[in-house]
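User: Please take a close look at one part of this model, the nonpolar surface. Then set that part against the interior, the charged pairs and the backbone.

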Amino acid sequence: MKNSELIEHIEEKYDVKSIQYNSLSLWLELRNRIFTAISLGQESTLKINTQTYKTILFTVFYGFFNWFKRYDTWILSSKINRLNIEGKYHDRLYEYIGTKFNKTLFIEATTDSHYNRKKVASKYIVSKSSLILIEKFVSLFIRTKHIDLSIIGEINKDFNIDFNPTYAIKKMISQYRVMRFLLWFKKPKVVFLSPAYTAYGYVKAFKENGVKVVEVQHGVILKEHFGYNVYKKFDRDYFVDYLLTFGEQEMDTFKYTNGISYNNIVPVGNYYLDYISDNFKPDKKLNEILHKYKKSFVVSLQEIDKTKSLVSNIIESAKQNPDCIFIFKPRKKSIIDYGVEYDKLENVIFIEEIDIYQLIMQTDFHITVYSTCALEAPALGKKNILFNINNLSKSIFETTLTNQITTVFVDNLDEFNKLIKNLNVQNRKEILNAHGSVMKSGYKSNIDTFIKGL
């Protein structure tokens, strides 16, 4: 069953709108975790443990006194979006947007530690850990026993999953309560965030208080995405006023959904892709290594367990193709987390210190299962090879990345080896032209126009 079919089936069969806490429609927060549990076997890639809470406590005072100023704009983002540009860490999604307002506050989440404030480009920044800590305290006093969760029990039974809704319920309620309280004292004119489908409590509080809410695309958006395909109708206060997308293709996702309004989808492109295309400087040490090989490939890794076999497949291919070099780029996990023996192969390298976009620019081809980089690599003039493990690549990208000039799919190691033996590096401009509808150009002028119309 496709994701879109699963959503329609569940939201049609079960009275999901009846799951409420006072005026809050809890299903909106529950649905993503339930659908992910059914399709991928786990509710989330984020593992909450003792170290998570240590990080929250350690970072809670980061930029703390910036909370007490007034701002035109708030930006809810994540440290993972920050990239080093000329010695300063810029938010690749929001940095330019933040400069278009008189005063902007970055509220940043992190899973480890924040960058030194002197090295951060954003002038006003605080840790989201402050909010999370307050929300966790508030959640201790939220009682869920009186909420009718019989429908969740039915879904668990029918789909053979063991989903516990308590965490998601308390998260949504506490987000809503804390943000509504905060807005009594500090209220910006506009808030930017991503993704909105994990912050329904915030969005509801913002919209009720007359604050405009804008989401910026951070990853893949398509009809099969649980976060964006909403079958049931809910109050518009749960959904952002605008969604800024990479290109025009994402608009098709919202023609028939009851979530974000189709008329409020605005294609703007991608700031960092425009920047690095114009300012790319190859890493000298890496260049010395790459010149020894006929072809070079960068592999963007992900955290979902079902994509782990990508690493072993590529390592096996490296053994059979000694004239090719394969560079693995971990996302959140460190190299040791993958538990593979690669150091005996000269043509397999794990690199953490160079960002994925620079690696894409410096190599010949990009490989992934279904990372967002599959949308971004052709915008940098590089061809995708999507390793279709468990049919994940095709289920996500088959209807979006349809041009073989930009993307090819392989189903197994044999197909992959046959492909790379006969693969030639394509003309960069040819790939860029074929990818135009997926990634819009002229990011800065597009953002300027959008903000003038807010």
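Analyst: Helices (H or I, at least four residues) and strands (E, at least two) are DSSP runs, numbered from the N terminus. The model is predicted: local features need pLDDT of at least 70 and side-chain atom pairs pLDDT 80 or more, whereas totals for chains, interfaces and linings use all residues. Residues are numbered from 1 along each chain as its sequence is written, and side-chain values use heavy atoms, leaving out hydrogens and water.

On the surface, F137, L140 and F141 make up a nonpolar patch of about 360 Å². Patch members have over 30% relative accessible area and no salt bridge; nonpolar side chains (Val, Leu, Ile, Met, Phe, Trp, Tyr) are joined within 5 Å and like charges within 9 Å. Areas come from the Shrake-Rupley method with a 1.4 Å probe. The position of L140 is in the loop that runs between α5 (129-139) and α6 (150-159). L140 counts as exposed because its relative accessibility is 53%, where exposed means over 50%, buried under 20%, and partly exposed in between.

The patch can be set against a general tendency. In soluble globular proteins, nonpolar side chains tend to be buried together.

For the interior, the largest nonpolar core holds 85 residues, and I97, F192, I385 and F416 have the most contacts inside it. A second core lies apart from it, with 66 residues that include L30, A37, M172 and V213. A core here is a set of buried Ala, Val, Leu, Ile, Met, Phe, Trp, Tyr and Cys residues joined through side-chain atoms within 4.5 Å.

Of the residues named for the largest core, I385 may be followed further. Beyond four places away in sequence, the residues that I385 touches include F297, F365, H366, V408, F416 and L423, contact being heavy atoms within 4.5 Å. Three of these names return in the aromatic groups: F297, F365 and F416 belong, with F326 and F387, to a cluster linked by ring pairs.

Rings of Phe, Tyr and Trp (its six-membered ring) pair when their centres lie within 6.5 Å; planes under 30 degrees apart are stacked, over 60 edge-to-face, and the rest tilted. The count by this rule is 27 aromatic pairs. One of them joins F65 and F68 in a tilted arrangement, with 6.3 Å centre to centre and 40° between the planes. F65 is exposed because its relative accessibility is 66%, and F68 is exposed because its relative accessible area is 53%.

The charged pairs come next. The whole structure contains 13 salt bridges, each a side-chain nitrogen of Lys or Arg within 4 Å of a carboxyl oxygen of Asp or Glu. In one of them, R31 meets E11, and the closest N and O atoms are 2.8 Å apart. R31 belongs to helix α2 (residues 27-40) and E11 to helix α1 (residues 3-13); the pair links distant parts of the chain, 20 residues apart. R31 and E11 are buried.

Another salt bridge joins R82 to E108, with 2.5 Å between the closest N and O atoms. Because R82 lies in strand β4 (residues 82-85) and E108 in strand β6 (residues 104-109), this pair ties together parts 26 residues apart in sequence. R82 and E108 are likewise buried, and a network of salt bridges links them with E95.

The side chains of K207 and D241 also form a salt bridge, at 3.7 Å from N to O. Here the linked parts are 34 residues apart: K207 is in helix α8 (residues 200-208), and D241 is in the loop between β9 (212-216) and β10 (242-245). K207 counts as buried because its relative accessibility is 17%, whereas D241, at 21%, is partly exposed.

E376 is placed in helix α13 (residues 373-376). Its relative accessibility is 1%, and therefore E376 counts as buried. Outside its neighbours within four places in sequence, E376 contacts R92, F246, N270, L273, Y357 and M439. E376 and F246 are 9.1 Å apart, C-alpha to C-alpha, although 130 residues separate them in sequence.

Three backbone features complete the account. The S194 to P195 peptide bond is cis, with omega near -10°, and P195 sits in the loop between β8 (190-193) and α8. N22, although not a glycine, has a positive phi of about 55°; N22 is in the loop between β1 (20-21) and β2 (24-25). N160, also not a glycine, has a positive phi of about 55° and is found in the loop between α6 and α7 (166-182). N22 is exposed because its relative accessibility is 63%, and N160 is exposed because its relative accessible area is 72%.

Note on methods
Buried means under 20% relative accessible area, exposed over 50%, partly exposed in between (1.4 Å probe, protein chains only).
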